[in-house]
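Good morning, colleagues, and thank you for making time for this short presentation. Please look at the structure on the screen while I go through it.

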Amino acid sequence: MLLRSATLDDGRVVDVRLRGDVIESVEPALSAQDGETVLDLDGQLLLTAMAEPHAHLDKAFLSERIANPTGDLMGAIIAMAGHRHLITYADTVERAERAVRLMVANGATLIRSHADTTIENGLMSVQALAEVRSRVADICDLQIVSLVSWPVTGAAGADNRALLRDALDAGADIVGGCPHLDDDPHEANEVLLGIAGDAGRDVDLHTDETLDSNKLSLEDLANRIIATGFPHRVTASHCVSLGMQPEIRQRHVAELVAEAGISVVALPHTNLFLQGREHQHAMPRALTAVKALTSAGVNLCAGADNLQDPFNPMGRADPLETAALMVMAAHLLPQAAFDTVSGCARGALVGSGRRIAPGQPGELVAIPAATVREAIAFAPGGRTVIHQGRVVSGSSPQDEINC
Ligand SMILES: [Zn+2]
């Protein structure tokens, strides 16, 4: 397929040829080949397709059904637990698939979702998301993280550890969990890394989702990975308490995180909503230490976390909304903010797809905007989304006749 007249983020107007699911060439002008499918982008902005590195598809669109009266994290967790009986397998599949199709229409072709893995919920969320993964396989890649409940340590954690192993057998790709909610967060890191190592899986942990500066399991996670040479990808999501440390400590931990090769996912929607309610004076933003992490060279990504559920009643399933929050709440420049929901997120999830160049994956989004900043500001509709070298949402390409 030939994409004509695409404006890149550096302002160049180019033609882009896709061969199969890979970008073959990017040139000022390319001639259409006999029988080639051509899509004229008419100067639209062409960017690396976005990714959603941290969703909770099993909870999407529950806001009307389950309220969070206190508006904070524990309020959301308690509300979910108290209304678990209202949630069925079939409606989890329906809500999750609806969320995925919205994300794809907005330009995300790679999505990572956590799936509640608790004694009460069993494997229902994992199995429902595995069904969704097969339903949407032609339009995006969906990764499933088993978000195992706590504790995972000691005798009390035996059932959760067994359930996590079952979840990996039942369709979950990645080991998740919440070490900071365990009685022993450091031991929880070791347990979860051990299970992932045994199964040969990547890890994505809800890490330090608290403003309590005394809780900082991220440093221990980085030290363990450096010491053991853990061979799989590791992502730490939230890392809110890192943002509450003195700058010298932020820099020290950020350097360890960079050395360990851990990607960090900031989640501005949900943490701006959930955290800080007890501070009516000088309310903290509850974001991670963005400046220290990026200065140290850490791969910083951003996600939306929850979508219209007890953890976050807002959200449009649009990574450009997340990018806008990374500009306003995290003080990134627009291009860097876009990278957190595109190339950096792809790097964290699959290790490739950071730019538009020959040999890169054919994962692209065309947006009717002149610049990245304008795309984030207006978040216009009418996007054309390309996954594995094929248009999966938006404009239909025309087959070139007699080129
Ligand atoms: Zn989350």
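I shall begin with one helix, α3. Its buried residues pack against two helices, α2 (89-105) and α4 (158-169), and two strands, β7 (108-117) and β8 (141-148). The buried residues in question are M124, S125, V126, A128, L129, A130, V132 and R133. One may also check the length of α3, residues 124-135. At 1.5 Å a residue its twelve residues should span 16 Å, and the end C-alpha atoms lie 17 Å apart, which agrees. I should state here that this is a predicted model.

Let me now turn to the whole chain. It contains 13 helices and 17 strands. Its radius of gyration is 21 Å, while the globule rule gives 22 Å for 403 residues; the two values are close, so the chain is as compact as a globular protein of that length. Along the principal axes, the C-alpha atoms fill a box of roughly 70 × 50 × 40 Å. As for burial, 52% of the 403 residues count as buried. If we take contacts between residues at least 6 apart in sequence, 76% of them join residues at least 24 apart.

Next, the domains. The domain assignment divides the chain into domain 1, made of 2-49 + 362-399, and domain 2, which covers 57-349. Their centres, taken over C-alpha atoms, are separated by 31 Å. Where they touch, 16 residues of domain 1 are in contact with 20 residues of domain 2. On the domain 1 side, at least two residues each come from β5 (45-48), α13 (372-378), β15 (384-387) and β16 (390-393). The largest share on that side, four residues, is supplied by α13. By type, the residues on this side of domain 1 comprise nine nonpolar, three polar and four charged.

This brings me to the interior. Which residues have the most contacts inside the largest nonpolar core? That core has 116 residues, and those with the most contacts inside it are L46, V100, L192, V257, V264 and A266. Both domain 1 and domain 2 give residues to this core, so it lies between them. V257 may serve as an example: leaving aside neighbours within four places in sequence, V257 is in contact with L218, A222, I262, V264, L293, A296 and V298. There is also a second, separate core of seven residues, among them A79, M80, F273 and F311.

That concludes my presentation, and I thank you for your attention.

Methods
Residues numbered from 1 in each chain as written. Predicted model: local features only at pLDDT ≥ 70, side-chain atom pairs only at ≥ 80, totals over all residues. Domains from an automatic or database assignment. Contact = placed C-beta atoms within 7 Å. Nonpolar A, V, L, I, M, F, W, Y, C, P; charged D, E, K, R; others polar. Core = buried A, V, L, I, M, F, W, Y, C linked by C-beta atoms within 7 Å. Buried ≥ 20, exposed ≤ 12 C-beta atoms within 10 Å, placed from the backbone. Rg over C-alpha atoms; globule rule 2.2 N^0.38 Å. Expected span 1.5 Å × (residues − 1).
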